[in-house]
Amino acid sequence: MKFKLSVVMAVLALILLWKIRGKQSSFERLPPGPAPNPLLGNLFQFNIKEAYKYYLELSNKYGSVVTIWLANTPVVIISGYQALKDTMIGLGEEFSGRAIYPLLMKSTYGYGVLSTSGHRWKEMRRFTLMTLKNFGMGRRSIEERVREEAENLVEMFKNCEGSAFSPVDMLFNAVNNVICSIVFGHRFELEDPQFKSLLRTVNTYFTILSSPLGQIYNVFPRLVSLFPGKHHQLFKDLEEAREYCKREAQARMNTLDPSCPQDFIEAFVLKMKEEKDNPETEYNFGNLVSIVWNMFSAGTETTSSTVRYALLLMMKHPDVQERVQWEIDEVVGQDRWPSVEDRQNLPYTDAVIHEIQRYMDLAPIAIPHKMMCDTEYNGYIIPKGVMVFPLLSSVLIDPKLWKNPNCFDPENFLDAVGRFQKNDAFVVFGMGKRACLGEALARIELFIIFTSLLQHFTFKATVPPEELNTTPKNCSFGRMPRTYECYAIPRK
Ligand code: HEM
């Protein structure tokens, strides 16, 4: 009996050793990086609240490809414009996977577009882009939807009658309603309980995603789940948001007019019906509900917090605000609303919006990628499945690529005679095959909402500009701006 047990133990030990050796040998030619601790890797060697700053330091020390270990998981960090171009674009297919990030998975269960890879991701991305385009992305009708929300926003700000208020919920409502009108075919009032519940879910999701709790959850999901905390309420709220999307989709199953789908959900449900006999089809409720959540989560907090940050920077830099208003008055005047066509005649305003996004650096590591196959780059081998952080920050603050990288300075996007100057290093939406799917929509929203607000109001802080804190509130995953109260003083 004793002999049998010893044999079993010896075999198990051999299998374990073989597995570890196998794993180690496949990681032998990973890029260099700081020495990891045996159990925790490089965790706790840096400030988890500002991890991207540590990644920037590592890229200065080790070069454009670096390996760090989050516990026993290797992560390759790619930094610098050239290396990101070589990998995200030149080796686009190989680098196109999405890392299995526990918090992302928790909200999508591996379905949808944002957190999937391979065939499912390609099919869902193609369908989503095409449908957004058909519903007016880049065409006039999307601009009209955005303008309607900008007009409502101006009304809501007017109702504050010059007293101090927090613009957070109103901005979220405006941006969220653009997505709602595309996805559900209707908008929400600010007081609607369903809207309030969605707002709370998206807000908490981003707050947790960008907090140390979220970072630790992403490395030790099972362990963190055992402890009490905000994440448990978030998971319940996420389930409710998914149920709401599902109810909206189910309601359309019977009422849909196949000749004329009215919104994104109807277009998807139509495809589900067309492909109902295909056992391999990706058109199912799982993918639909997760795509809707992807658009909500990726498309609302990002754009609304960018506008929130834009107003904060205008209060911090009243001279810039004044110059934008002067340009809008000259080109658009006060008798009509700004339109996307005005952009080319508003070079300073265009430069300011770009600079807000560059300086904000909303997604320092984009959304983590995953290798689709073993890939050689710069003499290193990055094995299939390894997580990759595209360090967008490294490009956005590179002194070789910007006139004044460390300050808020619209000159970064202006040439010597004040014309708008495009810069390929403006990578806030990511690069290559996984770049932001909503970039066109986000750009229309930012332009129309920002110009409409500055056409109608001058923004002033409740404290002197020099006391305004423009550093982000959270910066682990997203550099989320602080909330604040402000005055929106109507312009005569
Ligand atoms: C200021 C606004 C926005 C910024 C800065 C932004 C930025 C980004 C970034 C950095 C990525 C990751 C790129 C990568 O993985 O390499 C991304 C992905 C994505 N964004 Fe945006 N985004 C914005 C607005 C939007 C909007 C309005 C939508 C709505 C449709 C949206 C939908 C998505 C989706 C679905 C993905 C995942 C794409 C994929 O995995 O293939 N985003 N975005």
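**Exercise 1. Sort the residues that line the largest pocket by class, then find where they come from.**

Start with the classes: the lining of the largest pocket has 17 nonpolar residues, together with five polar and three charged ones. Keep in mind as you go that this model is predicted.

Next, look at the whole set. The lining is made up of 25 residues, and L70, T73, I100, N218 and M387 are the ones nearest the centre of the pocket. Now ask which elements give two or more residues to this lining: they are α2 (51-62), β2 (73-79), α9 (212-219) and β7 (387-391). Helix α9 gives the largest share, with three residues.

Finish with the volume: the space in this pocket comes to about 510 Å³.

**Exercise 2. Find the protein donor of the ligand's iron atom and place it in the chain.**

Look around the iron for a donor atom. You'll find just one from the protein, the SG atom of C436, at 2.3 Å. Then trace the chain on either side of C436: this residue sits in the loop that runs between α16 (392-396) and α17 (439-456).

**Exercise 3. Describe how α13 packs against α17.**

Take the geometry to begin with. Helix α13 covers residues 285-316, and its axis lies 10 Å from that of α17, at an angle of about 35°. The crossing of these two helices is right-handed.

Now pick out the residues that touch. From α13 you get T303, T306, V307, A310, L311 and M314, while α17 brings A442, E445, L446, I449, F450, L453 and L454. Sort them by class and you have 10 nonpolar, two polar and one charged.

**Exercise 4. Do the same for α15 and α17.**

Helix α15 spans residues 347-360; the angle between α15 and α17 is about 120°, and the axes are 11 Å apart. Here, too, the crossing is right-handed.

On the α15 side, the contact is made by T349, V352, I353, H354, I356 and Q357. On the α17 side, look for R443, L446, F447, F450 and T451. By class, that makes six nonpolar, four polar and one charged.

**Exercise 5. Locate K49 and list what it touches beyond its neighbours in sequence.**

Begin with its place: K49 belongs to the loop between α1 (2-26) and α2. Then set sequence against space: K49 and S211 are 162 residues apart along the chain, yet their C-alpha atoms are 6.8 Å apart. Last, skip the neighbours within four places in sequence, and the contacts of K49 are P212, C475 and S476.

Note on methods
Residues are numbered from 1 along each chain as its sequence is written. This is a predicted model: local features need pLDDT of at least 70, side-chain atom pairs count only at pLDDT 80 or more; totals for chains, interfaces and linings use all residues. Side-chain values use heavy atoms; hydrogens and water are left out. On a 1 Å grid over the protein atoms alone, a cavity is a set of points where a 1.4 Å probe fits but cannot get out, and a pocket is an open set with protein on both sides within 12 Å along at least five of seven lines; lining residues have an atom within 4 Å of a point. Grid points are joined across faces, edges and corners, and a volume is the space filled by probe spheres set on the points. Helices (H or I, at least four residues) and strands (E, at least two) are DSSP runs, numbered from the N terminus. Ala, Val, Leu, Ile, Met, Phe, Trp, Tyr, Cys and Pro count as nonpolar, Asp, Glu, Lys and Arg as charged, and the others, Gly among them, as polar. Donors are N, O and S atoms within 2.8 Å of the metal (3.2 Å for Na, K and Ca); water is not among the atoms, so sites may look incomplete. Axes are lines fitted to C-alpha atoms, for helices over the stretch in contact, and angles run from 0 to 180 degrees between N-to-C directions. A crossing is left-handed if the near helix is turned anticlockwise from the far one by less than a right angle, and right-handed if clockwise. Contact means heavy atoms within 4.5 Å.
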